[in-house]
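I opened the model today to look up its overall make-up, one hairpin, one acidic residue and the salt bridges. My entries follow.

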Amino acid sequence: MRFVKRMTLNSLRLKVLLAYLAGMVLSITLLVIAAAVVLQSDLLPRMDMADAAEGLVDNIEFDSRGRPVGFDASMNDRAWLYEGPQRETAYRILDDAGNVAVASSAGEAFWPADGEALRLARGTFSFEYDDRTFYGATEPFEHGGRTWYLQFVASSRFVDVLYLVAFPLVAAGVLVFGFVMFVAFGLCAYITLRLTLKPLRDVSKSAAAISPRSIDARLDTDAVPVEIAPLVHSFNHALERLERGYRLQQEFLGHAAHELKTPLALIRGQVELLEEGRNDRQALLSDVEYMTRQVQQLLLLAEASEAHNYQFSVVRMHDIAHEASTYLQRMAESADVHLTVLAADQGVTWKADRGACFTLLKNLLENAIQHAPEQTLVSMEIQENIITVRDRGPGVEPEQLALLFSRFWRGAHRRDHGAGLGLAICQEIAMAHGWVLTAHNAHPGLAMTLCRASDANDSD
């Protein structure tokens, strides 16, 4: 039967069915236990006597003076219960003064002279007679403007005989009823679950059909149960993020191919134009250095985009900033720019990947140096939750601020011919750490601000 779909142990349908079946079995078991406990006590006999007395009231017959004289003809077939010599059951009817109006053949000596039986109010009672326990009940009723009280009793052995006969029948009825309910509700639950989970199977098929060629497809949520709809919506949002990332990667590859194609074409042209024996070594080395820089930045950008490349620890930001400024000191001297790191508290610590943090601060300082006029200051100010890198250059146009972190975008007033990936790498590193990197004109110059949430302070 390889075509029959089997439910695994991790099946939601199987778990719901098992929970239902367990509930049914537990309910029937508790019902049987409750019945057994009640049978072992005198609660059930008392309840039965109260019900019997209440039922007998409707069959009481009265004479012309309005006094009770016994039961009507409808009770003739059961008269042996109350009038026979066995004295297992008895009854009597009392007036509101406690006087006996009519009684069964058991006689007055049968009834106790004191105790609960003499309390003229609705309720149950018990007493001992002839070494037997009798359970009884008092049921008041109105007739002819007077209140009468019917008392009916039965011996414990008489009740036991009734239960001995009735209990197996009741137990059989409970078992049959339980089995029918078990099958009927089990089948209904199975069909209901099958119909309810059908939209999930359809959604699963739709999700399985999504591929890189159909990444713009989305799952339909109209027929999905409302409890599952948030999961499907979240999956659709994940698909949107994946599609956006996929498009960015495609654009990135296109830009990278274009950027690498240009220096390669220049190198090829220069080689073809070289005369035999001529050595234009410096121009070729410049183009190779430019292409090497582009490849290096592409690798850094790829590494910064992968979260598993980060190893977080608590680091002192002043130490990393000092390392970055020392690393770029020669570049700053060549550009005739003064570098400075300012920190009111050199013990400020952030939780970060040390290598990635060094790359971020180095790129921010390098970008500021490239745009700073000669004999000006490039500063990095470290505060508790904010790091600001500022140059004193011309700044950028307001409409270009949003383009600063775009890949391969280059601003004016640069001293080098970089690939335009430095700030994009910084943005990737900042997002991986949960930081916010922004830029604004500082008049004069441009300020890059790196912020972290105040609750992210992990200093020891």
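Accessible areas here come from the Shrake-Rupley method with a 1.4 Å probe, and for residues only the protein chains shown count as cover. On that basis I noted that the protein exposes about 27500 Å², with carbon and sulfur atoms supplying 58% of it.

Before going further I wrote down the ground rules. The model is predicted, so local features need pLDDT of at least 70 and side-chain atom pairs count only at pLDDT 80 or more, while totals for chains, interfaces and linings use all residues. Residues are numbered from 1 along each chain as its sequence is written, and side-chain values use heavy atoms, with hydrogens and water left out.

**Entry: overall make-up**

I took helices (H or I, at least four residues) and strands (E, at least two) as DSSP runs, numbered from the N terminus. The protein has 10 helices and 14 strands. I then looked up burial, where buried means under 20% relative accessible area, exposed over 50%, and partly exposed in between (1.4 Å probe, protein chains only). Of the 460 residues, 36% count as buried. For contacts (heavy atoms within 4.5 Å), I restricted the count to pairs with a separation of 6 or more, and residues 24 or more positions apart account for 63% of those.

**Entry: the β3 and β4 hairpin**

Strands pair if DSSP finds at least two bridges between them. Strand β3 (residues 89-94) pairs with strand β4 (residues 100-103) in the antiparallel sense, over 3 bridges. I found L94 opposite V100 in β4. The hairpin has 5 residues between its strands, and G98 takes a positive phi near 90° there.

**Entry: D391**

Which side chain of opposite charge is nearest to D391? I counted Lys and Arg as positive and Asp and Glu as negative, leaving out His and the chain ends. The nearest is R390, 6.7 Å away, and D391 is buried yet has no salt bridge. A salt bridge requires a side-chain nitrogen of Lys or Arg within 4 Å of a carboxyl oxygen of Asp or Glu. D391 sits in the loop between β12 (386-390) and α10 (422-433).

I also checked polar contacts: pairs of N or O atoms within 3.5 Å, where within protein one must be able to donate a hydrogen and the other to accept it, and residues adjacent in sequence count only if both atoms are side-chain atoms. The D391 side chain reaches the backbone nitrogen of G393 at 2.9 Å and that of L446 at 3.1 Å. Leaving aside residues up to four places away in sequence, D391 touches several residues, among them H371, V378 and P444.

**Entry: salt bridges**

I found 9 salt bridges in the structure. E88 forms one with R132, the closest N and O atoms being 3.0 Å apart. E88 lies in the loop between α3 (79-83) and β3, and R132 in strand β6 (residues 132-143), so the pair ties together parts that are 44 residues apart in sequence. E88 is buried at 12% relative accessible area, and R132 is buried at 10%. Both belong to a salt-bridge network with D130 and R157.

E366 and K362 meet at 3.6 Å, N to O. They lie 4 residues apart in helix α9 (residues 354-371), about one turn of the helix. E366 is buried at 12%, as is K362 at 14%.

D319 and R316 also form a salt bridge, at 3.7 Å between the closest N and O atoms. D319 is partly exposed at 28%, and R316 is partly exposed at 37%.
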